[in-house]
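Hi,

Here is the structure I promised to pass on. Have a look when you get a minute, and my notes follow underneath.

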Amino acid sequence: MAGGLRIAALFIALIIPWAPARGEDNTQPPDTIEARVQGCAPCHGDHGQGTNNDYFPRLAGKPAGYLFNQLVAFRNGRRHYPPMNYLLEYLPDGFLHAVADYFAAQHPPLPAQEPSTASKAVLALGQSLVTNGDPAREIPACANCHGPNFTGQEPAIPGLLGLRPNYITAQLGAWRYGNRTAAAPDCMQIVAGHLTEADLAAVAAYLSSLPAPADPAPAAHGSLAMPLACGSEPN
């Protein structure tokens with residue numbers, strides 16, 4: 001927690017306009033979004049590319065609508081992680097939009113692939129669920145919403161590449177158990193509720209094993225037929 005509060009303090013110091021005391025040098029640091037988002041860098045990287053921590057995700061290149069929704073969810077307590085809840089608590093929508101737009105426009109390369117430690121059977125199950133779903137259990141394919149290359153869809157469906165398996169498993173588990181929620185109808189909570197623990201591990205293992213596509217851009221809005229109603233991605 002102490003580390004999280006130090007990060008929050010750094011972030012707040014960067015986002016609050018700086019004013020020198022009387023008699024001090026009047027040279028001000030640059031008041032730009034690039035300067036202000038450096039408070040995000042310790043956890044998410046200078047350009048949102050992610051860090052070596054499994055649980056701090058890549059932000060770069062995700063649709064701005066998705067990033068904004070997550071910032072609001074942390075600010076309003078819909079998502080729970082104390083350092084993020086604390087540092088976003090009083091920030092206005094306009095600033096959150098600016099942060100979201102900044103990271104959506106960043107395109108650092110995806111991290112180099114690490115060899116998967118999952119078995120062939122686990123990867124095969126993950127591939128089947130991710131690309132085909134399981135209609136008998138009312139599980140749609142991830143590709144139906146996140147795109148055939150899993151780069152997301154504008155304006156608010158995220159890409160799934162460049163994330164470590166522990167992070168993917170943790171987020172799917174949070175959806176499944178109601179610790180992470182979105183606007184109703186909460187499609188991810190519905191889908192995750194049909195997944196078993198083995199399914200979660202298989203999906204995470206397969207997604208984290210995928211190489212970077214030639215075109216990392218999210219699919220255009222409306223280009224994918226949504227398999228179920230989703231409050232965060234209204235038609």
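Which residue follows α7, and what is the sign of its phi? That would be Gly 133, with a positive phi near 70°. Bear in mind throughout that this is a predicted model.

Since we're at α7 already, let's stay there. The helix runs over residues 120–132, and for those 13 residues 1.5 Å a residue gives an expected span of 18 Å; the end C-alpha atoms are 17 Å apart, which agrees. Its buried residues are Gly 126, Leu 129 and Val 130. Looking down the helix axis, these buried residues fall within an arc of 95°, so they line one face of α7. That face packs against α8 (142–146) and α11 (197–208). On the other side of α7 you'll find Lys 120, Ala 121 and Asn 132, which are exposed.

Next, the nonpolar cores. The largest has 21 residues, and the members that touch the most others are Val 37, Leu 67, Leu 71, Leu 88, Leu 96, Val 99 and Phe 103. Helices α4 (64–76), α5 (82–88) and α6 (93–104) each put at least two residues into this core. Another core lies apart from it, with 20 residues, including Cys 142, Leu 160, Tyr 167 and Ala 204. Back to Leu 67: leaving out residues up to four places away in sequence, it touches Leu 59, Lys 62, Ala 100, Phe 103 and Ala 104.

Phe 103 turns up again in the aromatics. The structure holds two aromatic pairs. In one of them, the rings of Tyr 102 and Phe 103 have centres 5.1 Å apart and planes at 80°, so this pair is edge-to-face. Both Tyr 102 and Phe 103 are buried.

Finally, the cysteines. There is one disulfide, formed by Cys 187 and Cys 230, with the sulfur atoms 2.0 Å apart. Cys 187 sits in helix α10 (residues 187–192) and Cys 230 in the segment after α11, so the bond ties together parts that are 43 residues apart in sequence. Cys 187 is buried at a relative accessible area of 8%, and Cys 230 is buried at 11%.

Two other cysteines I checked are in no disulfide. For Cys 40, the nearest cysteine sulfur is that of Cys 43, 8.6 Å away; Cys 40 counts as buried at 12% relative accessibility. For Cys 145, the nearest is the sulfur of Cys 187, 6.2 Å away, and Cys 145 also counts as buried, at 12% relative accessibility.

Cheers

Key. Residues numbered from 1 in each chain as written. Predicted model: local features only at pLDDT ≥ 70, side-chain atom pairs only at ≥ 80, totals over all residues. Heavy atoms only, no water. Helix = DSSP H or I, 4+ residues; strand = E, 2+ residues; numbered from the N terminus. Expected span 1.5 Å × (residues − 1). Buried < 20%, exposed > 50% of the residue type's maximum accessible area, 1.4 Å probe, protein only. Arc of directions from axis to C-beta. Contact = heavy atoms within 4.5 Å. Phe/Tyr/Trp six-rings, centres within 6.5 Å; stacked < 30°, edge-to-face > 60°. Core = buried A, V, L, I, M, F, W, Y, C linked by side-chain atoms within 4.5 Å. Disulfide = S-S within 2.5 Å.
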